[in-house]
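Hi everyone, thanks for making time this morning. I have one structure to walk you through, so let me put it up on the screen.

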Amino acid sequence: MKGLQTKGLNKSFGGLIVARDITLSLQPGDRTALIGPNGAGKTTFSNLITGILKPTSGQILLDGRDIGGLGEAARVRAGIAKTFQITTLFKHLSVRENIRLPILERERRALRFWHRADRDKGIEAEIEAQLAAFTLLPLADKPVQDLAYGQQRLVEMAMTLALKPRVLILDEPAAGVPSSDSHLITGAIEALPADLAVLIIEHDMKLVFQVARSIIVLVNGAILTQGTPADIAANQQVRDLYLGAHHD
Ligand SMILES: Nc1ncnc2c1ncn2[C@@H]1O[C@H](COP(=O)(O)OP(=O)(O)OP(=O)(O)O)[C@@H](O)[C@H]1O
């Protein structure tokens, strides 16, 4: 089966169960949001997928292959990427230079024997394409520290795509972004490569309902329900348990 699957994923910290029998699948092209109240286990789930945490039991498959035994770096190489965080941006370097870094790193790892000039030309073309895709061309030569927060988040996304992921986890892409700039984030998500499988963990329901085609609701570490945005908006249990409740 193509894409990412989890089968019966469980995680406990001592007596505290934070992931309960999570079985889901994320196919190429999916735009799936994972929502749930604070402490529901969303971050824990993302950490299980990226390999930061090891599950207590259960399986994680990528294209049908069990990747549960792989460490974080190997999972990135296998095609699972989570967005770089703003704290990892080189703030004094330009947007273009920041985007160049993960591309150079990828090429160094791939040990492809390009003629140097061809390789450099290819890299520069890729940087320009990413700048254009994320509407960053006019800002390309500015130091990242001079950008608005929402624009810095676009730089993170562009850098993550240099890893050529097949599965992309966007962990709170709109966190800290003023609502006047949230269209930058929704625009960037909508412009992601069509065949990428995208999992969006997000508190901002407006953004979730704009970009997700499927929504998974997590409560107490377990999947309460999964459905289209219309299903979820109409689900009384979700409204009672989550959407009506106060969260940040
Ligand atoms: N390393 C840890 N050790 C013990 N308990 C932990 C650890 N990490 C998370 N937890 C607990 O696991 C539960 C789920 O936390 P998690 O951060 O995954 O939830 P979340 O849905 O991402 O919440 P939020 O929306 O607030 O980010 C919480 O009760 C949390 O206190």
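I'll start with the chain as a whole, then go to one strand, and finish at the ligand.

One thing to say up front: this is a predicted model.

So, the overall picture. The chain's secondary structure comes to nine helices and ten strands. How does the radius of gyration sit with a compact globule? For 248 residues, such a globule would have a value near 18 Å, and the chain has 19 Å, which agrees. If you prefer to think in dimensions, the C-alpha trace spans about 55 × 40 × 30 Å along its principal axes. Buried residues account for 33% of the 248. And if you take the contacts between residues at least 6 apart in sequence, 67% of them join residues at least 24 apart.

Now let me zoom in on strand β8, residues 197-201. Five of its five residues are buried, so the strand is largely enclosed by the rest of the structure. It helps to look at the two sides separately. In a regular strand, side chains alternate between the two faces of the sheet. On one side of β8 you find Ala197, Leu199 and Ile201, on the other Val198 and Ile200, and with all of these buried, both faces are covered.

Which strands pair with β8? One is β3, residues 31-35, which runs parallel to β8 and is joined to it by four bridges. There, Arg31 stands opposite Val198. The other partner I'd like to show you is β7, residues 167-171, also parallel to β8, this time over five bridges. In that pairing, Leu170 stands opposite Ile200. Please follow the path from β7 to β8 as well: with helix α6, residues 182-190, these two strands make a right-handed β-α-β unit.

Last stop, the ligand. What lies around it? The residues there are Phe13, Leu16 and Val18, then Gly36, and then Asn38, Gly39, Ala40, Gly41, Lys42, Thr43 and Thr44. Two elements give two or more residues to this shell: β2, residues 16-26, and α1, residues 42-50. The largest share, three residues, comes from α1. Sorted by class, the shell has four nonpolar residues, six polar ones and one charged one.

That's my tour, from the chain to the strand to the ligand. Thanks for listening, and I'm happy to go back to any view you like.

Notes. Residues numbered from 1 in each chain as written. Predicted model: local features only at pLDDT ≥ 70, side-chain atom pairs only at ≥ 80, totals over all residues. Near = placed C-beta within 6 Å. Nonpolar A, V, L, I, M, F, W, Y, C, P; charged D, E, K, R; others polar. Rg over C-alpha atoms; globule rule 2.2 N^0.38 Å. Buried ≥ 20, exposed ≤ 12 C-beta atoms within 10 Å, placed from the backbone. Contact = placed C-beta atoms within 7 Å. Pairing = 2+ DSSP bridges. Right-handed = clockwise from strand over helix to strand, strands pointing away.
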